[in-house]
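User: Please give me a close look at the charged side-chain pairing here, and at the strands that go with it. I would like one connected account rather than a list.

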Amino acid sequence: RWYNSGMQYSFDSAFSASVGGYPKGAILLKSSLSGLWQNSTENNTSNPDSGGAGWTDLTSGRLINVRTFTSSTAYTPTPGTAFIIVEVQGAGGAGAGILATSSSQSAVGGGGGSGAYSKHLIRSGFSGVTINVGVGGSAGGAGGASSFGSFVICQGGAGGPYQSAAPSFPFAGTGAAGADSPVVGNIIKAAGTRGGFGMITDNTGQINISGSGANSIIGLGGGGVGSTQPGAIGGYGAGGSGVCITGSGSQRNGGRGGDGVVIIWEYS
């Protein structure tokens with residue numbers, strides 16, 4: 001009844017002694033109930049759950065869970081997790097805002113920079129590690145850093161400074177810089193990218209579009225917008241768009257940068 005209900009048998013020292021050891025090819029349930037052992041030698045009396053020789057872990061390396069963290073917390077692995085792959089994305093910077101303009105003026109802002117990214121394999125010491133998720137930049141500010149303890153740290157992208165009326169035409173509003181490449185990333189690591197340039201042709205606003213936010217590895221930047229439109233928000237780790245104006249207008253903020261994220265792939 002036990003076997004037919006879908007269960008396997010775990011190692012039993014008394015049974016092993018009575019039959020002269022497990023035969024080659026025998027399959028046992030782990031004592032943790034998280035996988036299976038297979039025997040590769042005849043008459044094996046060693047205990048696989050305590051490192052006994054001759055046993056192969058049939059379920060080692062199996063993906064058991066994928067977890068996405070969008071806020072800071074302490075990491076508690078899913079039971080049975082033997083190693084993890086962690087993705088860390090720094091937050092995006094805000095797009096450039098504009099200062100007040102008169103009826104004969106125009107202003108345009110570039111996009112915010114994106115945060116750095118790392119994908120990193122960790123085999124031990126990860127339980128209880130603090131996860132920090134960076135907050136996207138606002139009002140011209142830079143994005144915050146995201147991290148997985150001291151294992152991986154990814155900085156956020158720069159924010160765009162406020163732009164005054166264009167001094168000449170045509171005029172381009174410079175995008176903000178992306179974050180530097182992280183130090184750690186044994187699978188992949190990447191710097192953030194610069195936000196897009198905003199462009200204005202003349203003070204009559206024949207062409208006036210703000211710079212788009214920089215894309216991150218896993219998120220799209222806020223798209224460029226036209227005169228008087230609100231700034232677009234960036235996706236995970238991406239920059240917010242700038243804003244622009246033709247004619248009289250008050251000071252306005254650029255689009256908010258996208259928050260960072262930490263994604264953990266758990267393996268047995």
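Analyst: D259 counts as partly exposed, because its relative accessibility of 29% lies between the 20% and 50% limits. The model is a predicted one, and in it D259 forms a salt bridge with R256, the closest N and O atoms being 2.8 Å apart. R256 is likewise partly exposed, at 30% relative accessibility.

This pair belongs to a set of three salt bridges found in a search of the whole structure. Side chains of opposite charge can pair when their charged atoms come close.

Another of these contacts joins R67 to E266, where the closest N and O atoms are 3.1 Å apart. The two residues come from distant parts of the chain, R67 lying in strand β4 (residues 63-69) and E266 in strand β17 (residues 261-267), 199 residues apart. The accessibility values of the partners deserve attention: R67 is partly exposed at 22%, whereas E266 is buried at 0%.

A further salt bridge brings together the side chains of D57 and K30, at 2.7 Å from N to O. Here D57 sits in strand β3 and K30 in the loop between β1 and β2, so that the pair links parts of the chain 27 residues apart. D57 counts as partly exposed, with 24% relative accessibility, while K30, at 11%, counts as buried because it falls under the 20% limit.

The strands around this last pair can be followed through their pairing. Strand β1 (residues 27-29) and β2 are antiparallel and share three bridges, and within this pairing L29 has L36 in β2 as its bridge partner. Six residues lie between the two strands of this hairpin, and L33 takes a positive phi near 65 degrees there. On its way onward, β2 is joined by three bridges to strand β3 (residues 55-57), again in the antiparallel sense, with Q38 having T56 in β3 as its bridge partner.

The residues of β2 that take part in these bridges can also be placed by face. In a regular strand the side chains alternate between the two faces of the sheet. In strand β2 (residues 36-39), W37 and N39 make up the covered face, whereas L36 and Q38 make up the uncovered one. L36, the bridge partner of L29, and Q38, the bridge partner of T56, therefore both belong to the uncovered face of β2.

Terms used
Residues numbered from 1 in each chain as written. Predicted model: local features only at pLDDT ≥ 70, side-chain atom pairs only at ≥ 80, totals over all residues. Heavy atoms only, no water. Buried < 20%, exposed > 50% of the residue type's maximum accessible area, 1.4 Å probe, protein only. Helix = DSSP H or I, 4+ residues; strand = E, 2+ residues; numbered from the N terminus. Pairing = 2+ DSSP bridges. Salt bridge = Lys/Arg side-chain N within 4 Å of Asp/Glu carboxyl O.
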